[in-house]
Structure formats: C-alpha cells, structure tokens
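Student: Please take a close look at one part of this model for me. I would like the strands and how they are arranged, and then the surroundings of the ligand.

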Amino acid sequence: MEAPILRMGESQGNDEAFLPGPVLLLGAPGVGKGTQAKRLMDEFMIPQISTGDLLREHRRNQTPLGMMADGLMSKGLLVPDDLVNQMVAARLTEPDTQRGYILDGFPRTLNQAEWLDAQLASSRLPVVAISIVVPERVLLERITGRLTCPVCGTIYNIYSEPPKQQGICDREGATLVHRADDMEPVFYERMKAFEAKTAAVIEYYRAHGSRFAEVDGNLPVDEVTHSIRATLFRLRHSEES
Ligand code: AMP
C-alpha cells in the first residue's frame with residue numbers, strides 16, 4: 001500500500017508518514033553531499049544512491065563497468081552518461097526506493113538530468129533539487145582532508161570533523177582511507193568537470209522554480225542538515241498547496 005502524502009504541519013519531520021520522494025543533492029565536489037545524504041537517509045529511512053559509491057563498488061568488484069570507469073575516475077573525469085544512467089536505472093528498480101531516495105552525485109550532466117526527467121515522468125512525486133553552496137577556497141581543504149570509513153562509509157575531515165582516534169573510524173574501528181581522487185591535482189580536474197558540465201545541471205533545476213532551492217553549505221554540519229531538512233519540507237509542502 002502506498003504511504004499518504006503528508007499535509008502541511010502534520011509532521012515534525014522524522015515520522016514515516018512523510019513521503020520524501022526523489023531528492024537530488026547537487027553541488028561541487030566537497031560541498032558535503034555524501035555527509036548530508038547519509039544523515040537524511042537515517043532520518044527519513046530512504047536510501048542514499050551515490051553514483052560515485054556505486055562506481056567504486058564496481059571498481060572493487062572488477063566488473064566490466066568498474067574496469068572501464070577506473071581510469072576516468074582516477075583522472076577526475078566523468079564516466080559516460082549511458083553507463084551511469086543504466087547503473088542508476090537498475091538501482092531505482094530496487095524496492096527500498098519506493099518512498100523516495102537521495103541521489104548524490106547524479107545527475108552530473110544535462111544529458112543525465114534529461115534522462116532522469118524522462119525516467120521519472122510517471123513517478124508519484126516530482127524530483128526536488130537542493131543545491132549545496134560552499135565557496136571554492138573552502139572545498140580544497142575539505143577534499144584533501146577527507147577520510148572515509150571503508151566499512152560504514154562515514155565521512156570525516158582531519159581539519160573539521162576528525163575521528164576520536166587518529167585514522168580510525170569511531171563506529172567501526174576500521175582504518176580510514178583517503179580517496180586517491182581526493183588528492184589536490186585530481187581535485188582540480190574534478191572541479192573543471194563540475195564547471196564544464198554540472199554547473200549547467202544546477203541551472204537546469206533552478207529553472208524549475210518551486211522544486212529547487214539553494215542552501216548554505218559553509219556552516220556546521222548540523223546546521224546544514226537542519227536547513228536541508230527544512231527546505232525539503234518546504235518544497236514538498238508547496239507542491240501540495
Ligand atoms: P563522487 O564520489 O561523486 O565524487 O564521484 C567520484 C567519481 O565517479 C567522479 O569524479 C566521476 O569520475 C565518477 N562519477 C560519479 N558520479 C558520476 C556521474 N553522475 N556521471 C559521471 N561520472 C560520475
């Protein structure tokens with residue numbers, strides 16, 4: 001049975017009756033899409049679908065897609081649209097996406113955005129796009145200081161969100177890893193890909209008006225989460241009124 005769409009004022013936010021639907025987190029590398037997606041996932045009990053994570057999993061499993069993507073990813077270049085779109089299409093058929101999901105790192109090109117629109121044309125709720133904005137000078141420090149737990153995916157930052165014990169995940173006790181493509185030269189390539197391709201995707205969603213919003217990502221993590229959460233409620237409620 002489908003969950004009812006909630007009316008304005010009916011929820012404090014963390015109850016199952018609220019239907020988040022498809023949520024896009026947009027922004028440059030390092031704005032905090034992954035960190036925020038994980039927090040929303042826990043709160044709304046919907047999956048985070050990170051195309052970067054899915055591609056890294058393919059790479060680890062040495063699938064044909066993973067082997068093809070490997071060279072592009074390590075140079076900070078984008079993987080071809082058709083391959084990424086197919087991968088997302090497969091993920092969206094899984095039952096855990098029924099109440100909604102958070103797409104993190106997708107769409108990254110206009111072609112992917114148009115493909116997603118076509119794919120979701122008959123979906124119950126339209127996409128809501130939230131762009132996280134952080135000044136470019138802050139991004140380099142965030143990216144080069146980023147460490148990830150290979151077991152649970154928790155993201156730390158040696159400058160701003162360090163683990164309790166250096167290099168060790170607070171939750172899992174696993175040794176944290178620094179992504180090879182978070183090194184400074186690759187970061188600049190990823191920023192170039194963002195400016196050349198993904199900035200236009202943000203403009204594409206901005207043109208949709210009421211289903212788009214920007215949030216300030218240069219604030220403490222909890223405040224950014226609060227602001228994304230409030231924005232999601234506002235955008236969904238404005239659809240209903
Ligand atoms: P991320 O973890 O989102 O920073 O992605 C890591 C890398 O995976 C990117 O630098 C790209 O090489 C590749 N990638 C992730 N998502 C996409 C996408 N939507 N389109 C093309 N390439 C992608």
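**The sheet and the ligand site**

Tutor: Start with one bridge: Ala-129 has Phe-212 of strand E7 as its bridge partner. The model is predicted. Behind that pair is a longer match. Strands E4 and E7 are joined by five bridges, in the parallel sense.

Now step across to the other partner of E4. Strand E4 covers residues 128-133 and runs parallel to E1, with four bridges between them. One of the residues involved is Val-23, whose bridge partner in E4 is Val-128.

E1 also pairs with E3. Strand E3 spans residues 100-104, and five bridges tie it to E1, again in the parallel sense. Here Leu-25 stands opposite Asp-104 of E3.

How enclosed is E1? Strand E1 takes in residues 21-26, and six of its six residues are buried. It is therefore largely enclosed by the rest of the structure.

Put the pairings together. The sheet is open and has five strands, in the order E2-E3-E1-E4-E7. Its pairing is parallel. Strands E2 (48-50) and E7 (212-216) stand at the edges. Each has a single partner strand, so one side of each is left without a neighbour in the sheet. From one strand to the next, the twist averages 25 degrees.

Next, the ligand. Which residues come nearest to the ligand? There are 16 residues around it, and the nearest are Thr-51, Arg-56, Leu-77, Gly-105 and Gln-112. By class, the shell has seven nonpolar, four polar and five charged residues. Helix H2, residues 51-60, supplies the largest share of the shell, with four residues.

Three distances involve ligand nitrogen. In the side chain of Thr-51, an N or O atom is 2.7 Å from a nitrogen atom of the ligand. For Gln-112, a side-chain N or O atom is 2.9 Å from a ligand nitrogen. Val-79 uses its backbone instead: an N or O atom there lies 3.0 Å from a nitrogen atom of the ligand. How much of the ligand does the protein cover? On its own, the ligand has 480 Å² of accessible area, and the protein covers 96% of that.

To recap, keep two items in view. In the sheet, E1 has E3 as one parallel partner and E4 as another. At the ligand, Thr-51 and Gln-112 are among the nearest residues, and H2 gives the shell its largest share.

Technical notes
Residues numbered from 1 in each chain as written. Predicted model: local features only at pLDDT ≥ 70, side-chain atom pairs only at ≥ 80, totals over all residues. Heavy atoms only, no water. Near = heavy atom within 4 Å. Polar contact = N/O pair within 3.5 Å; in protein donor to acceptor, adjacent residues only side chain to side chain. Areas by Shrake-Rupley, 256 points an atom, 1.4 Å probe, with all protein chains shown as cover. Helix = DSSP H or I, 4+ residues; strand = E, 2+ residues; numbered from the N terminus. Nonpolar A, V, L, I, M, F, W, Y, C, P; charged D, E, K, R; others polar. Buried < 20%, exposed > 50% of the residue type's maximum accessible area, 1.4 Å probe, protein only. Pairing = 2+ DSSP bridges. Axes fitted to C-alpha atoms, helices over the stretch in contact; angles between N-to-C directions.
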